[in-house]
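Good morning, and thank you for coming. Please look at the chain on the screen while I go through it.

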Amino acid sequence: MVKNPVNRLSVNTLAMMTVAAVVSLRGLPMMAKEGTEMFFYIGFCTVLFLLPGSLVSAELGGAFSHTKGGVYSWVKEAFGPRWGFVAIWLQWIQNVVWHPTVLAFAAAALAYLFLDPGLAELGWYNAAVILVVYWTATLLTLRGVSVQAAATKWLLIGGTILPGILVMGFALVWVIQGNAVEFLAAGNTSGVAADGYVHPRFFPHITGLSDMAFLAGIILLFAGVEVQAVHARELSDPPRQYPAAMFLAMLIIFGLFTLGALAVAAVVPAEQISLTAGLMQAFQTFLQRFGIADAIPAVGLLVAFGAIGGVMAWIGGPSRGLLETAQEGELPPFLAHTNTHGVQINILVIQGVIVTAL
């Protein structure tokens, strides 16, 4: 079958879609609260989860590029269609219940655009932002892979990579100017020596299930590197290009998470970091210190764009894998219906109804 050139993806575009599926700047405050211990968590997740996940995705994505089911196709080939369905169902349903969470982060960022951070505490405001943004993203996804890919790519660049670079750059200037670095304060370390030197603590004290649950939460921040495998067929040379896209995405993910979390931890005391607005707290501190506080609303808008880009990346990924299960008879036939752009319209509508209810 000849591919439609309009739907062809480049290595960079697929890498950006993968980064958008994995990286959310909302995860930076969670890691920043741990101070220098974040190096352990990030290293652990990178070596034992992100790197193996990228290698597996690169291998299987290139080998099974003739299919469009992603995780479903991989598991089906090894264990049969029923287990393939279980795999894609789990990927799909966790993504559906995740959407309101990440869009609540977008709502918190947009509150700074309206110069009223307190809006993020209001239920009606969060509900309105979540519903408007989610259904707008769904309508864009229904326009086809090329529209979804372009929107995801530019939302990621403008809303995740650009704010990430900005917060890192501000942190560097902050340190060069000789300002205090919060994650080196005594409260975030193992102690202060007699000579006044602060000793950072790099290994956390894991003493119970609550600590293990936190580690699982950090690992979840790195999840999703495999989700764009459903678009491997849109590459002109999948066996070569898909692995290249995975490795490029992995490097960007590691850099954004590590340096971005350090930047937040540098200026916001750990006990004051908000898990929803921590990134904007850091930007507010930087911009006020540098005398450009008027830029806070614009930064809030950019950060919100990044969260929307993440949603765009996930809306069309797992649901496309679910489409193949429907086409192979694992789901009712009406779920196999697609629109003129080949997009799984009925699955997306049902997905949207669930998100709306949540």
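**Buried residues and packed helices**

Let me begin with a single residue: threonine 325 has a relative accessibility of 0%, so it counts as buried. I should say at once that this is a predicted model, and everything I present today rests on that prediction. Threonine 325 belongs to helix 12, which covers residues 318-327. Apart from residues up to four places away in sequence, threonine 325 touches Tyr72, Phe85, Ile88, Glu330 and Leu331.

Let me now step back to the whole chain. The protein chain has 13 helices and two strands. Of its 358 residues, 51% are buried. Consider next the contacts between residues at least 6 apart in sequence: 77% of these join residues at least 24 apart.

I return to helix 12, this time as a partner in packing. Two packed helices are described by the angle between their axes and by the distance between those axes. For helix 12 and helix 13, the latter being residues 345-357, the axes come within 9 Å and cross at roughly 125 degrees. The two helices are therefore oblique to each other. Their crossing is right-handed. On the side of helix 12, the contact is made by Ser319, Leu322 and Leu323, and on the side of helix 13 by Ile347, Leu348 and Gln351. Sorted by character, the residues of this contact are four nonpolar, two polar and no charged.

The second pair is helix 5, residues 81-113, with helix 6, residues 123-141. Here the packing angle is about 110 degrees, and the axes are 9 Å apart. How is helix 5 oriented relative to helix 6? Because of that angle, helix 5 is roughly perpendicular to helix 6. Helix 5 passes helix 6 in a right-handed crossing. From helix 5, the residues in the contact are His99, Pro100, Leu103, Ala104, Ala107, Leu110 and Ala111. From helix 6, they are Tyr125, Asn126, Val129, Ile130, Val133 and Tyr134. This contact between helix 5 and helix 6 consists of eleven nonpolar residues, two polar and no charged.

The third pair is helix 10, residues 278-289, with helix 11, residues 296-315. Their axes come within 10 Å and cross at roughly 150 degrees. An angle over 145 degrees counts as roughly antiparallel, so helix 10 is roughly antiparallel to helix 11. The crossing of helix 10 past helix 11 is again described as right-handed. Helix 10 contributes Leu279, Met280, Phe283, Gln284, Leu287 and Gln288 to the contact, while helix 11 contributes Ile296, Val299, Gly300 and Val303. These residues divide into seven nonpolar, three polar and no charged.

Please stay with helix 11 for a moment, for proline 297 lies there too. At 17% relative accessibility, proline 297 counts as buried, because buried means under 20%. Proline 297 and leucine 110 are 187 residues apart in sequence, yet 7.7 Å separates their C-alpha atoms in space. Leucine 110 has appeared already, in the contact of helix 5 with helix 6.

I turn now to helix 1, residues 11-22, where threonine 13 is placed. Is threonine 13 buried or exposed? With a relative accessibility of 11%, threonine 13 counts as buried. Its side chain is joined to that of serine 10 by a polar contact of 3.0 Å. Leaving aside neighbours within four places in sequence, threonine 13 is in contact with Ala149 and Lys153.

Leucine 156 is in helix 7, which runs over residues 145-176. Leucine 156 has a relative accessible area of 1%, and so is buried. Which residues does leucine 156 touch, if those up to four places away in sequence are not counted? They are Met16, Val19, Ala20 and Ile161. The C-alpha atoms of leucine 156 and alanine 21 are separated by 9.5 Å, although these residues are 135 apart along the chain.

My last residue is threonine 258, found in helix 9, residues 238-267. Threonine 258 counts as buried, its relative accessibility being 10%. Beyond residues up to four places away in sequence, threonine 258 touches Met38, Phe39 and Ile42. From threonine 258 to methionine 168 the C-alpha distance is 10.0 Å, with their positions 90 residues apart in sequence. Thank you for your attention.

Key: Residues numbered from 1 in each chain as written. Predicted model: local features only at pLDDT ≥ 70, side-chain atom pairs only at ≥ 80, totals over all residues. Heavy atoms only, no water. Axes fitted to C-alpha atoms, helices over the stretch in contact; angles between N-to-C directions. Helix = DSSP H or I, 4+ residues; strand = E, 2+ residues; numbered from the N terminus. Parallel < 35°, antiparallel > 145°, perpendicular 65-115°, else oblique. Left-handed = near helix turned anticlockwise from the far one by under 90°. Contact = heavy atoms within 4.5 Å. Nonpolar A, V, L, I, M, F, W, Y, C, P; charged D, E, K, R; others polar. Buried < 20%, exposed > 50% of the residue type's maximum accessible area, 1.4 Å probe, protein only. Polar contact = N/O pair within 3.5 Å; in protein donor to acceptor, adjacent residues only side chain to side chain.
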